[in-house]
Amino acid sequence: MEERDFFKNPFTEQEILELAKEVGVAQIFARRSPSLKQMGLADQELSDEKMLELMVQEPRLVRRPLVNLEGRLLVGANLKAMEAALSEA
């Protein structure tokens with residue numbers, strides 16, 4: 001298993017698009033992040049392109065954890081989904 005600290009090694013736009021291809025950009029965007037509020041964007045509708053731009057600019061806007069399990073992306077801290085996926089692997 002490979003671990004990546006994307007605060008030290010941020011995702012590129014292409015990497016985010018690759019991660020999002022299965023679940024969609026909105027699913028990996030941390031809409032509740034304090035960083036979004038600090039930017040004054042918390043209540044705004046954002047396009048996929050804008051969310052992508054913001055995640056590249058500010059890694060805290062990428063939901064965590066992101067787990068790529070044999071090509072299947074698990075997003076967020078849903079422990080039950082994580083345990084189920086790991087038991088199937």
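# Exercises on a predicted model

The side chains of Glu58 and Arg60 form a salt bridge, with an N to O distance of 3.3 Å. The model is predicted, and the exercises below start from this pair.

## Exercise 1. The Glu58 and Arg60 pair

Task: state whether Glu58 and Arg60 are buried, partly exposed or exposed.

Solution.
1. The cut-offs are under 20% relative accessible area for buried and over 50% for exposed, with partly exposed in between.
2. Glu58 has a relative accessible area of 17%, so Glu58 is buried.
3. Arg60 has 45%, so Arg60 is partly exposed.
4. The salt bridge between Glu58 and Arg60 therefore joins a buried residue to a partly exposed one.

## Exercise 2. The surroundings of Ser33

Task: place Ser33 in the chain, classify its accessibility, and list what Ser33 touches beyond four places in sequence.

Solution.
1. Ser33 sits in the loop between α2 (25–28) and α3 (34–38).
2. Its relative accessibility is 10%, which means that Ser33 counts as buried.
3. The Ser33 side chain comes to 3.1 Å from the backbone nitrogen of Ser35.
4. With neighbours within four places in sequence set aside, the contacts of Ser33 are Arg60 and Leu61. Arg60 is also the salt-bridge partner of Glu58.

## Exercise 3. Salt bridges involving α1

Task: find how many salt bridges the whole structure holds, then describe the pairs Arg4 with Glu15 and Glu18 with Lys21.

Solution.
1. The search of the whole structure gives 4 salt bridges.
2. One of them joins the side chains of Arg4 and Glu15, at 2.9 Å from N to O.
3. Arg4 belongs to the segment before α1 (13–23) and Glu15 to helix α1, so this pair ties together parts 11 residues apart in sequence.
4. Arg4 is partly exposed at 29%, and Glu15 is partly exposed at 30%.
5. Another salt bridge links Glu18 and Lys21, at 2.7 Å from N to O.
6. Both Glu18 and Lys21 are in helix α1, with a spacing of 3 residues, about one turn of the helix.
7. Glu18, at 44% relative accessibility, is partly exposed, whereas Lys21, at 62%, is exposed.

## Exercise 4. The two sides of α1

Task: identify the buried residues of α1, decide how they are arranged around the axis, and name the elements they pack against.

Solution.
1. Ile16, Leu19 and Ala20 are the buried residues of α1.
2. Their arc around the axis is only 95°, so they lie on the same side of α1.
3. These buried residues pack against α2, α4 (48–57), β1 (66–69) and β2 (72–75).
4. The face turned away from the buried side carries the exposed residues Gln14 and Lys21. Lys21 is thus on that face and also in the salt bridge with Glu18.

## Exercise 5. The two sides of α4

Task: repeat the analysis for α4.

Solution.
1. The buried residues in α4 are Met51, Leu52, Leu54 and Met55.
2. Viewed down the helix axis, they fall within an arc of 165°, so they line one face of α4.
3. Their packing partners are α1, α2 and α3.
4. Glu49 and Gln57 are exposed residues on the face turned away from the buried side.

## Exercise 6. Backbone features

Task: describe the phi of Gly24 and the peptide bond from Arg64 to Pro65.

Solution.
1. Gly24 follows α1 and has a positive phi, near 95°.
2. The peptide bond from Arg64 to Pro65 is cis, and its omega is near -10°.
3. Pro65 is located in the loop between α4 and β1.
4. For background, most residues other than glycine have a negative phi, and most peptide bonds are trans.

## Exercise 7. The chain as a whole

Task: give the order of secondary structure elements, and compare the radius of gyration with that of a compact globule.

Solution.
1. The protein chain has 5 helices and 2 strands, in the order α-α-α-α-β-β-α.
2. For 89 residues, a compact globule would have a radius of gyration near 12 Å; the chain has 13 Å, which agrees.
3. The C-alpha atoms fill a box of roughly 40 × 25 × 20 Å along the principal axes.
4. Buried residues account for 34% of the 89 residues.
5. Of the contacts between residues at least 6 apart in sequence, 49% join residues at least 24 apart.
6. The chain exposes about 6400 Å², of which carbon and sulfur atoms supply 48%.

Terms used
Residues are numbered from 1 along each chain as its sequence is written. This is a predicted model: local features need pLDDT of at least 70, side-chain atom pairs count only at pLDDT 80 or more; totals for chains, interfaces and linings use all residues. Side-chain values use heavy atoms; hydrogens and water are left out. Buried means under 20% relative accessible area, exposed over 50%, partly exposed in between (1.4 Å probe, protein chains only). A polar contact is a pair of N or O atoms within 3.5 Å; within protein, one must be able to donate a hydrogen and the other to accept it, and residues adjacent in sequence count only if both atoms are side-chain atoms. Contact means heavy atoms within 4.5 Å. The radius of gyration is taken over C-alpha atoms; the globule rule is 2.2 Å times the number of residues to the power 0.38. Accessible areas come from the Shrake-Rupley method with a 1.4 Å probe; for residues, only the protein chains shown count as cover. The arc is that of the directions from the helix axis to the C-beta atoms.
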